[in-house]
Amino acid sequence: MDQRNGEYAPIRDSEDEQSGKFDKPLPCFGCGFGWFFLLLGFVCPLFWYYATILYFCNYYQKDPRERAGLAASAIAALIFTIAALIAVVVFVVTTVSTHLSLIN
């Protein structure tokens with residue numbers, strides 16, 4: 001009890017001022033939303049885009065431990081988008097070249 005105010009005072013480590021703030025385990029089996037969405041994104045890539053939205057909306061301000069996983073999901077979404085665009089361009093070019101060769 002705090003003797004001056006008559007109220008309870010939280011017990012804290014003098015070196016680490018935020019030690020009690022993040023004692024609670026992360027959601028999604030303890031790995032956090034970012035890492036969970038990264039793994040789940042290999043099944044359904046839409047989860048990478050959802051985690052990217054969370055990352056750019058600063059969801060990690062609630063818990064900074066989420067930042068690395070959300071950033072990894074954003075990078076995975078970027079790589080997937082680039083790979084999908086390259087696949088679409090290759091498909092369109094081969095389709096157009098096949099149709100042009102049939103015409104000639």
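**Reading the nonpolar core and surface patch**

Author: Let us begin in this predicted model with Leu 54, which, leaving aside its neighbours within four places in sequence, is in contact with Phe 37, Tyr 59 and Leu 70.

Reader: Which residues make up the largest nonpolar core, and which elements give two or more residues to this core?

Author: As a general idea, nonpolar side chains in soluble globular proteins tend to be buried together. Here the largest nonpolar core has seven residues, namely Phe 37, Ala 51, Leu 54, Tyr 55, Tyr 60, Leu 70 and Ala 74. Helix 2 (46-56) and helix 3 (67-103) are the elements that give two or more residues to this core, and helix 2 provides the largest share, three residues. There is also a second, separate core of five residues, which includes Leu 38, Trp 48, Ala 72 and Ala 76.

Reader: Where on the surface do nonpolar residues form a patch, and which residues belong to the patch?

Author: The nonpolar patch on the surface is formed by Val 88, Phe 91, Val 92, Val 96, Leu 100 and Ile 103, which together have about 600 Å² of accessible area. One of these residues, Leu 100, lies in helix 3.

Reader: Why does Leu 100 count as partly exposed?

Author: The class follows from relative accessibility, with partly exposed covering the range between 20% and 50%; Leu 100 counts as partly exposed because its value is 48%.

Reader: What mean pLDDT does the protein chain have, and which element has the lowest mean pLDDT?

Author: The chain has a mean pLDDT of 82, with 78% of its residues reaching 70 or more. Among the elements, helix 1 (residues 32-40) has the lowest mean, 89, whereas helix 2 has the highest, 92.

Conventions. Residues are numbered from 1 along each chain as its sequence is written. This is a predicted model: local features need pLDDT of at least 70, side-chain atom pairs count only at pLDDT 80 or more; totals for chains, interfaces and linings use all residues. Side-chain values use heavy atoms; hydrogens and water are left out. A nonpolar core is a set of buried Ala, Val, Leu, Ile, Met, Phe, Trp, Tyr and Cys residues joined through side-chain atoms within 4.5 Å. Buried means under 20% relative accessible area, exposed over 50%, partly exposed in between (1.4 Å probe, protein chains only). Helices (H or I, at least four residues) and strands (E, at least two) are DSSP runs, numbered from the N terminus. Contact means heavy atoms within 4.5 Å. Patches are made of residues with over 30% relative accessible area and no salt bridge: like charges are joined within 9 Å, nonpolar side chains (Val, Leu, Ile, Met, Phe, Trp, Tyr) within 5 Å. Accessible areas come from the Shrake-Rupley method with a 1.4 Å probe; for residues, only the protein chains shown count as cover. A salt bridge is a side-chain nitrogen of Lys or Arg within 4 Å of a carboxyl oxygen of Asp or Glu. pLDDT is the predictor's confidence in each residue, from 0 to 100.
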